[in-house]
Each structure stands twice: as C-alpha cells, then as structure tokens.
Protein chains: 2
Amino acid sequence: MEKGLIDLGAIFLSSATAVGRKEKDGPLGEAFDLCDPDDRFGCKTWESAESEMQRLSFNTALAKAKCEEENVGALFAGDLLNQCVGSSYGLLSFDIPYFGLYGACSTCAEGLLLASILVSKGIYPICGAVTSSHYCAAERQYRTPVEYGAQRAPTAQWTVTGAGAFLIGDAERDFPVSTGVTIKRGLPGIVSEKGINDANNMGAAMAPAALDTLVRFFKESGTSPEDYDCIATGDLGFEGGSILEDLMRAEGYPMGDRYTDCGQIIYDRKRQDVHGGGSGCGCSAVVLGSHFLPRLTKGELRRMLFLSTGAMMSPDSIKQGESIPAVAHLLEIEAPTQGGTDHG
Amino acid sequence: MEKGLIDLGAIFLSSATAVGRKEKDGPLGEAFDLCDPDDRFGCKTWESAESEMQRLSFNTALAKAKCEEENVGALFAGDLLNQCVGSSYGLLSFDIPYFGLYGACSTCAEGLLLASILVSKGIYPICGAVTSSHYCAAERQYRTPVEYGAQRAPTAQWTVTGAGAFLIGDAERDFPVSTGVTIKRGLPGIVSEKGINDANNMGAAMAPAALDTLVRFFKESGTSPEDYDCIATGDLGFEGGSILEDLMRAEGYPMGDRYTDCGQIIYDRKRQDVHGGGSGCGCSAVVLGSHFLPRLTKGELRRMLFLSTGAMMSPDSIKQGESIPAVAHLLEIEAPTQGGTDHG
C-alpha cells in the first residue's frame, strides 16, 4: 500500500495558550499568554474553567492572527473530560464547523494533523486546533478529588492546567500574519498495547506507541534523528521518556540530547513536586504553542519532530483489568526559511 | 470565506453491522450482518462486548470488500463510552493508523466525512470508519444500571446495541469490490445550544443543530428537499424528528414524506417499548450500513441526505446545570449510476 506518511503544506498562523498557577510558576511560565492564578478563570466549576481556557486561547489565537471567526473553515478539538465537554462547551460560542476528537493526550497532534490535511488539500484556507486539560477536573474524574489528599505514585504524572489553540493555514496562500513555521509531513499513530495496566504509569504504556511512530517515520522518510534539532514527545514524562530513549537506542535510532518531552520541561522537577512530570491534552499544546513555536520562529530550532502521545484507557477499563492502549501522532515542523514576519 | 460545503469523490466499498437482540427483533432485523442474542458477544462486560462488536463489524467489512488490513490507510472511530474505549480496545488488533473521534451520536457521519476527505484528496486510497454503542453500557454510564429498573421518561431514547463499519475508497480508483454508492458532498456541523437541559430529551436539543446544517446545505448547494428521495437524520427519534420537521417547514424547507430518522425506524414503536426511539453512535451506523446502503445499491433510493446528530453534554455537565450543546454532520449520498457490482 501507499505508505502512511502524509506530505503537508501547512503553516502556523498563530498560537495562544492559557494556563494555571503551577504552569505559570514553572520554567516556561513567562512564555504563556494567559494565566489565572486561582485556576478558575472566573468559573464555578473546574470543568467550566477548562472550557473557558479553550475559549480564551482560541479567541487570542484569532486576535494574534488578525483573523475573523468566519474565515476559519473548521475546528478540531478535544480534551480529557468525559464526553469531551471541555471542548464542546468551550468552543460553543464560535460559529465554526466542529470536529470533536478523542485521542487522550495525543489529541494536540491529532488535531494539528487533521487541520493540516484540510488546509494542505484545499478544503478550507484556515483551520483551528484546540486542546486542553485541567488538573483538578482530571484528578476528580480519573483518580480522586484533590481535596482527599491521596498520595501520588512516583511515576504518576501531573495533569497540566492549560489550553493551547492554533490557527493553521494553507502554506500556498498569503496571510496578513503568520509565524512562518510550517508543518511539512505528518504520520498518524497506530494504537498499540504492551501489557501495562498501571494507570499511575502511563508513560510506560505510551512509550512503545511513540517508538512505533518514530521508527515508522524514520524508515518511511529515510531520515534519522540526526536530521532534527529536536525530537519532542508530549507527554511521556520522566519515566516514559527514559523508556523511549532506551527503546530507540535498541532499535538503532539513538536520539541523544536532541530528545525531550513536554512533560519533562513544563515543570521544575525539584521545586514543583510533580513526580513523573506533566501530562494532559493541554501539556503538549501549551509547550508547543508557547515554547517550541517561538523558538522555531526565531530560528533557534530549524527542524523538529513533535509527537503527542495518548493513553487510551478509561478508569472503568482499568477497573475491569484491561491493559492500557496507547497512540502517538507525529508532525515534522520546520522554521521559516527567511524568518517569520510576526510570531502569533 | 469559502463556503463550508466540501466536494467529495468517495465510494462505499463495503459496510458491515453487528447488533444485539432487540435490534435483531426490530423491523430492520433481517438486514444486519451479525447478532448475539444475549448482547454479550462472548465478553464478560458490556464495555468489552461493545468493543467486540466494533472488531467483528470492521473485520466483516474487510472481508466483504476483499480488502486486507494493510491496504487501509487510516481508521476513524468513536463511541459513547468514557474516553471512547469501545473504539480504542475494539480496533486495537488492527495494525492501522487510528484517529479517535468524539461527536456523540454524530460520530458516524463525522468519521465518514473525514474518511471521505482523506480518500478524495488522495491521502490514502482506502479509509475505514467505525462507530458503536451498547444499551447496557450506556445506561450504566449515563443514567443507572439496567438492573435498577428505573422508569424511563416518554421522550427518553433507547441506546442501540450495535456497531457499524464502513470501508471508503477513492472514487477515482478501481477496487475489486464496491457498493457503487458514492459520497458526493459533505458539510460539517456547527455546535449549537438552544437552552435544552433535559438529558431525557436529547432529540429536542439536537433538532436545532440538524436544522442549522440542513439549511446551510440547501443554501450553499442551491438544492432543496425535493432533490432528494430521502433525508435521514440519526438519531433525533420521534420527539426530535417531529421538532425538526416543524422547524424546517417554518424555514421554508418542508421535507414531507421523504424525511425519516434512523432512531424512528430501527425499532417497532408499538411492540418494542422504546419511548422516544433509538439513539447512540451505533444507531445511524447500523441503519446506514444495513438499510440505506443496500437500498441505494439496488437503486430503490437514488440520492439521499444523511445526517448524524450528536448531543455533546456529559452526565457531569448536566448535573452542573449546563444546557446540551449539539452538532449534526451531513453527507450527500448517491446510488451507483449503473448499479453496484456487489453490495458489501
């Protein structure tokens, strides 16, 4: 068959991020666009706060790109809440066709990949991709309410309170504002399951999925890790990231210092007590939007691979004794050839 | 901006459906491919049974189309279970790139639309779309376990136990087997919310979304209801379907007898005690796959509009007092010009 690799010609017009206090206090804190220090964003519930972060971040992405809502052909969005209500309520006020996604923490790359396909193939000139997660909403839904004070396992990851929104344009067109950063190729992930059934060690469950996508990408594209300044997964955290490095070395693709993980860099491991590192649909979105994209626009990075990884279980499936299936979607991202005009 | 309408050139290679006992006992019972009379499909849990229906229906769709797994470029799948585990576990055994979707009961049309875009634009020659729901799993998750014997509201809908799988090919290519039925155009839905917050009346919440998509379609395409033999929503049920007929008449697009709803025809209303009619991601999928597609292949229908409608709330969002957002995605489907070669 035709290979899985997809040639794309998509450009990041803008990105915007909204985060909570812990993310603002972290090493990337200065980079985020919006923050509410009490993590509530003026809402009564954590779930509504998550929706509000989506609304605010997408609104900000529109403003940065000087783009009107009616010029966006479609939105791809998802989150971790049951029935993805963070997205359906968060983006309700926008009069834009809506494709709801569920890819757990892989949703950021999944949405960007689908948005890039639609703009690259001339379906719509501009599409949006938005994802989010909220620590307190996720703890309550997946584990126990934060107020219970449950002890965390050493490998447990910390769900990022944050939303990231992106506007993606057809690279063949001219836009008033653009970061100049392009999505050149994409590779959708295959769901795999390797027997891990500990929901406090999702990094271990997701590492084999990231391995599978990376190895398929290098084989199909004929590239190798050395061709990239940076290979970033999001969000295997410390445990999963370390496993992936070992697995890649064993497969003959050592990644060395160019490898990092969004969940490893969003918090200060020593100071912020986050155990296995960050996770959540918001994690890779805010790190891509506010850390990697600006670095690409400035030319500090020339060419990178970005993978979002998702653990596709539910609390019920774990209780029923099932293992954790996982998936990782990949994007090849390049800096502008002559510097971006304006970073969104 | 460019209009929302998407020109497509996609063909249904095959479809396959798996259902439970109540669906088999209904008016369309003879049409379904697979049935397990105890609704368990050999599994210990309702959730696993739902996954197994996805696996069986997709496997059967592959066999009907004489298609090998490695020739399928990507799968689009979703369901109603938290974190969409019906799909992630159900399709885990297939080594095919996976895009997880969440559109509640709109997921069938959402997946078909995205699969059609990818094949029409030459990304992959063949894509799959699979959706499912299970009555017992849905009752337990959304309302109360069936064993509690809770009384049902008159407008409450009955979640279909069923899965539908479709293989979609690029209409420009030749395939060994095809139904000949084509997807000509598609229109993604916009999420709307009109103040309905009764989770036992989702038809009323979804009718305005179906109205919005239909009216946009007729305006953008320059067609009218008379141009179609059949306009089928899935699944507004009796209450929502009746509201949609009224709303469409008021907008100047009376649909008359050509209108139907998958949730209205899958069960016998008098004999099967289903109150508001059928619903669930499986409802429109099994009715399209085993009822409408064969009728199109045989030429009993020449041209139809198919809309799946989804209510995008969660049990938690309802408890928090939120209204129900809804979305409806549309496909324009045509019979083969000279009859299909073989219905899959």
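Q: Two strands count as paired once DSSP finds at least two bridges between them. With that in hand, in which sense do β1(A) and strand β2 (residues 34-35) of chain A pair?

A: This is a predicted model, so keep that in mind throughout. Here β1(A) and β2(A) run parallel, joined by 2 bridges. You can find one contact point by eye: A:Val19 has A:Cys35 as its bridge partner in β2(A).

Q: Which way does strand β8 (residues 182-187) of chain A run against β1(A), and how many bridges join them?

A: The sense is antiparallel, with 4 bridges between β1(A) and β8(A). Look for A:Ile11, which faces A:Thr182 in β8(A). Strand β7 (residues 162-170) of chain A is also antiparallel to β1(A), and 9 bridges hold that pairing. There, A:Val19 stands opposite A:Gly162. Put A:Val19 in the centre of your view, then: it faces A:Gly162 in β7(A) and has A:Cys35 as its partner in β2(A).

Q: How many residues of strand β1 (residues 6-19) of chain A are buried?

A: Buried means a relative accessible area under 20%. In β1(A), 12 of the 14 residues meet that, so the strand is mostly covered.

Q: How does strand β1 (residues 6-19) of chain B pair with β8 and β7 of chain B?

A: β1(B) pairs with β8(B) in the antiparallel sense over 4 bridges, and B:Asp7 sits opposite B:Arg185 there. With β7(B) the sense is antiparallel too, over 9 bridges; B:Ala18 and B:Ala163 face each other in that pairing. For β2(B), 2 bridges make a parallel pairing, with B:Val19 and B:Cys35 as partners. As for cover, 12 of the 14 residues of β1(B) are buried.

Q: By what turn can chain A be laid on chain B?

A: The general idea is to superpose one copy on the other and read off the turn and the shift. A turn of 180 degrees with a shift of 0.0 Å along the axis lays chain A on chain B, at an RMSD of 0.0 Å. The two copies are therefore related as by a two-fold rotation axis. To place that axis in chain A, go to A:Leu101: its C-alpha is the nearest to the axis, at 2.0 Å. Both copies use the same surface, as 100% of the contact residues of chain A recur in chain B.

Q: How many disulfides does the structure hold over all chains?

A: A disulfide is a covalent bond between the sulfur atoms of two cysteines. Over all chains, the count is 0. Take A:Cys35: the nearest cysteine sulfur belongs to A:Cys136, and it is 13 Å away. A:Cys35 is partly exposed, at 30% relative accessible area. For A:Cys108, the nearest cysteine sulfur is that of A:Cys262, 8.0 Å away. A:Cys108 is buried, with 3% relative accessibility.

Q: How many aromatic pairs are there over all chains?

A: You read a ring pair from the distance between centres and the angle between planes. The structure holds 16 such pairs over all chains. One of them, A:Phe76 with A:Phe99, is stacked, at 4.9 Å centre to centre and 10 degrees between the planes. It links distant parts of the chain: A:Phe76 is in strand β3 (residues 74-79) and A:Phe99 in strand β4 (residues 98-100), 23 residues apart. Relative accessibility is 1% for A:Phe76 and 0% for A:Phe99, so each counts as buried. Elsewhere, A:Phe217, A:Phe218, A:Tyr228 and A:Tyr253 make up one aromatic cluster.

Q: Which ring does the charged end of A:Lys22 sit over?

A: Here you ask how far a charge is from a ring centre, and whether it lies over the face. The charged end of A:Lys22 sits over the ring of A:Trp158, 4.0 Å from its centre. A second case is A:Arg269, over the face of A:Phe238 at 3.8 Å from the ring centre.

Q: Which residues is A:Ser279 in contact with, leaving aside its neighbours within four places in sequence?

A: The list includes A:Trp158, along with A:Ser133, A:Gln157 and A:Asp235. A:Ser279 itself lies in strand β11 (residues 278-279) and is buried at 5% relative accessible area.

Q: Where is B:His134 placed?

A: B:His134 is in the loop between β5 (126-133) and α5 (135-142) of chain B. Although it sits in a loop, B:His134 is buried at 1% relative accessibility. Beyond its neighbours within four places in sequence, its contacts include B:Asp39, B:Trp46, B:Glu50 and B:Thr161.

Conventions:
Residues are numbered from 1 along each chain as its sequence is written. Chains are lettered from A and ligands numbered from 1 in the order in which they are written. This is a predicted model: local features need pLDDT of at least 70, side-chain atom pairs count only at pLDDT 80 or more; totals for chains, interfaces and linings use all residues. Side-chain values use heavy atoms; hydrogens and water are left out. Rings of Phe, Tyr and Trp (its six-membered ring) pair if their centres lie within 6.5 Å; planes under 30 degrees apart count as stacked, over 60 as edge-to-face and the rest as tilted. Buried means under 20% relative accessible area, exposed over 50%, partly exposed in between (1.4 Å probe, protein chains only). A charge sits over a ring if NZ of Lys or CZ of Arg is within 6 Å of the ring centre and within 35 degrees of the ring normal. Contact means heavy atoms within 4.5 Å. A disulfide is a pair of cysteine sulfur atoms within 2.5 Å. Copies are superposed by least squares on the C-alpha atoms of residues with pLDDT of at least 70 in both.
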